[in-house]
Amino acid sequence: MSLSFGSVQKKVLWYHTEPILQHKQPTKMSNWADLPHFIVCEIICRLSFFDDIFVVGAVCKSWKSAANSFEKPPPLPPKGPWIMLSEEREQGNKESQTRSFFNLLDTKTYDFKLPELVGRKCLGTSFGWLLTIGADLQINLFHPLSKHLISLPPQNTFCRQYTPEVEPEHLRNMFVPKCVLSRSPWNSVTNEYDRDCIIMAIYGEIRTLAFTRPGYKAWIDIESPSRAYDDIAFYKGNFYAVDAHGEVFACRIDDNQKVVAKAVAPRPKGTRDLIKKYIVESAGDLLLVLRVRGGHYYSIEDYPNYEEDEFNNVDSEDDIEDEDAPENEYEEEEEEEEEEEKKKISDNSYVTVGFTVLKLKRFTQAGSKYKYKYVKVDNLGDRALFVGDNSSVSLSASSFNGCKANCIYFTDDNIELYEETLYGGGYDMGVFSMKDGKFDKHYPESFSYYSTPLWFI
Amino acid sequence: MSNQSESPNPTSSSNKITLKTSDNEVFEVEEAVAMKFCTVKQYFDDENNNNVTSGTSTTLIPLPNVESHPLAILITYCKKHLEIKANNADNKKEMEIDMEHYEREFLKNVMPQELTELILAANYLNFKEALDFFCRAVASAIQNKSVEYVRKFFGLESDFKPGEEEKLREEFAWSFEGVDED
């Protein structure tokens, strides 16, 4: 075999299917700034957070031009949690087509030009995506930072429709109250939308379950023994849905046969339907979060004896001991705060007054259809929970994302009662500390009569 | 000078392929290893098609854009990759765990400067798994770090005009928050 060096080089270049490197002689000290653009782009696609794309772009000119070479940058999640404020926050927002985002990391508000979201109802779905529904009843997954958009089957492809027909604006606001993804709809290896992503929603008048995938033509109904679902969580390959009574159902998506949700955990003792339920995976556990509201709509008589340890009787043997009662010297201050709290409750048609967290624990008992029982959780450890008009999320507080450990961050998702308020909904948000049961504010309020402020994570 | 790649699989009697680097070192590798380098595979397949009569002769493939240092590392990585795959043929999860473990150990012995050479070599050879792995390694080194840290880590200097960088930072202020301490 005799091949001259020159012809070989030509051959090798010819066979190369990807862009060819420009460097002729490999140097001992290769320079990072000389990496071909497409490799810097490959690196950018493998970053974990959208924020880091800008860090790469600020390193040097060559990396900047690589970072700017994307038609749309990869749809990565934001590093820290943001609150996407409601559409009516300021006069003129609609005309300027901007939406304001409050960054929990630096506690500043940023305006992003997002004509794609004008007049559309949004839900947080994690991984940096939003589910959006317009009065046109088209449903999209939209990544506001990169502007990637995935069209999902429209509202009229859900099995159960409203009877009689209602205004499209009402459908937009109410038809899909919750949506959860099994994973990011973006595949960073193939750089394409990923059919492995399952999009599960609570929908319709009686709040039942359906799912779809990117590229599907319709939403597929899930058969379940219950209705009036409050929340869904994706946990270890299965979807878990909690209904208004607090009973939990599980299902595994199989595209080839009818999906049926089965009951796995009973109603927790002492809960009421007016207590909003969330279900969330946190540090390997599945948690049920109960949000108790007061205010004149929730006439306080509905729960006359509501106390923090209402659920202690759920599972006494496994209970973690409650922390010691607060010390006496703070009593006076506490009384004042209580007064304020009472005033707040009576002034508003609704306001969050407490949270209870229960853990689903594996438990088998002969004759019982349930696989789990509940154990009260007094401490979330390093975790912070985020609940509201988003897929409920648990984040680690120690990973520099601006949140405090052992807290529940909540936004105002009580859209059914927005009309009952004096200035609009969007005020019932804050941070609940599991340690002392106290409330703090993260953002004052984001008034609106139809658009909810929500976690963008 | 010959750079015999160590410990070939004794059970395998497959053909050897000889690779010659830009600094004129010669590597004799298992066919299975060489075939993971798509550039080599393409060349090899084409040679075979053109040269039906030559039978089992050992092929010498020149790699004018690859030096011996990164090639030796890539061959080691490739062998390990194939070995882990073979050991866990029926268990994808186990394979991923083993691979992750090996990759973590691998990175402990690689300097940031070496990583560029490896990326360029893997790209030239069109060795997809390695390129993906090295890009992931760089991405995770950048994650949650400040611009200054990234420059220092990769030995890069800012070549922006005065004011240009400040403008960038102002425009996307939110993305520069909350990074790890340098």
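Start with both chains on screen: between chain A and chain B about 5300 Å² of area is buried, and carbon and sulfur atoms give 66% of that. (Buried area is the accessible area, taken with a 1.4 Å probe, that two parts lose on being put together, summed over both.) This is a predicted model, in which local features need pLDDT of at least 70 and side-chain atom pairs count only at pLDDT 80 or more, while totals for chains, interfaces and linings use all residues. Residues are numbered from 1 along each chain as its sequence is written, chains are lettered from A and ligands numbered from 1 in the order in which they are written, and side-chain values use heavy atoms, leaving out hydrogens and water.

**Stop 1: where the chains meet**

Color the interface: 56 residues of chain A are in contact with 56 residues of chain B, contact meaning heavy atoms within 4.5 Å. Between the two chains you can look for 2 salt bridges. (A salt bridge here is a side-chain nitrogen of Lys or Arg within 4 Å of a carboxyl oxygen of Asp or Glu.) Select Glu164(B) and Lys64(A): their side chains form a salt bridge, at 4.0 Å from N to O.

**Stop 2: the domains of chain A**

Now hide chain B. Chain A splits into domain 1 (32-74) and domain 2 (82-323 + 331-456), with bounds that come from an automatic or database domain assignment. Their contact takes 5 residues from domain 1 of chain A and 8 residues from domain 2 of chain A. About 690 Å² is buried between these domains of chain A, 56% of it from carbon and sulfur atoms. Which three residues of domain 1 of chain A supply 58% of the area it buries against domain 2 of chain A? Pick Cys45(A), Phe50(A) and Lys72(A), which supply more than any other three residues. Don't hunt for salt bridges across this domain interface of chain A, as the count there is 0.

While you're in chain A, zoom to Thr163(A) and Pro164(A), which are joined by a cis peptide bond with omega of about -10°. Pro164(A) sits in the loop between strand 7 (148-152) and helix 6 (168-174) of chain A. (Helices, H or I of at least four residues, and strands, E of at least two, are DSSP runs numbered from the N terminus.)

**Stop 3: the domains of chain B**

Swap to chain B, which is assigned domain 1 (2-142) and domain 2 (147-176). Here 5 residues of domain 1 of chain B touch 5 residues of domain 2 of chain B. The buried area between them is about 430 Å², with 78% from carbon and sulfur atoms. Select Pro112(B), Ala141(B) and Ile142(B): they supply 75% of what domain 1 of chain B buries against domain 2 of chain B, more than any other three residues. Salt bridges between these two domains of chain B number 0.

**Stop 4: two helices of chain B**

Show helix 6 (residues 128-142) and helix 7 (residues 147-154) of chain B, whose axes are 10 Å apart and make an angle of about 135°. In helix 6 of chain B, Val138(B), Ala141(B) and Ile142(B) meet Tyr149(B), Val150(B), Phe153(B) and Phe154(B) of helix 7 of chain B.

**Stop 5: a link and a loop**

Finally, pick Lys36(B) and Glu129(B), whose side chains form a salt bridge at 2.8 Å, N to O. Lys36(B) is in the loop between helix 1 (31-34) and helix 2 (38-50) of chain B and Glu129(B) is in helix 6 of chain B, so the pair ties together parts 93 residues apart in sequence. Over all chains, the count is 31 salt bridges.

Last selection: Asn24(B), in the loop between strand 2 (16-21) and strand 3 (26-30) of chain B. Asn24(B) has a phi near 60°, a positive value in a residue other than glycine.

Methods
Axes fitted to C-alpha atoms, helices over the stretch in contact; angles between N-to-C directions.
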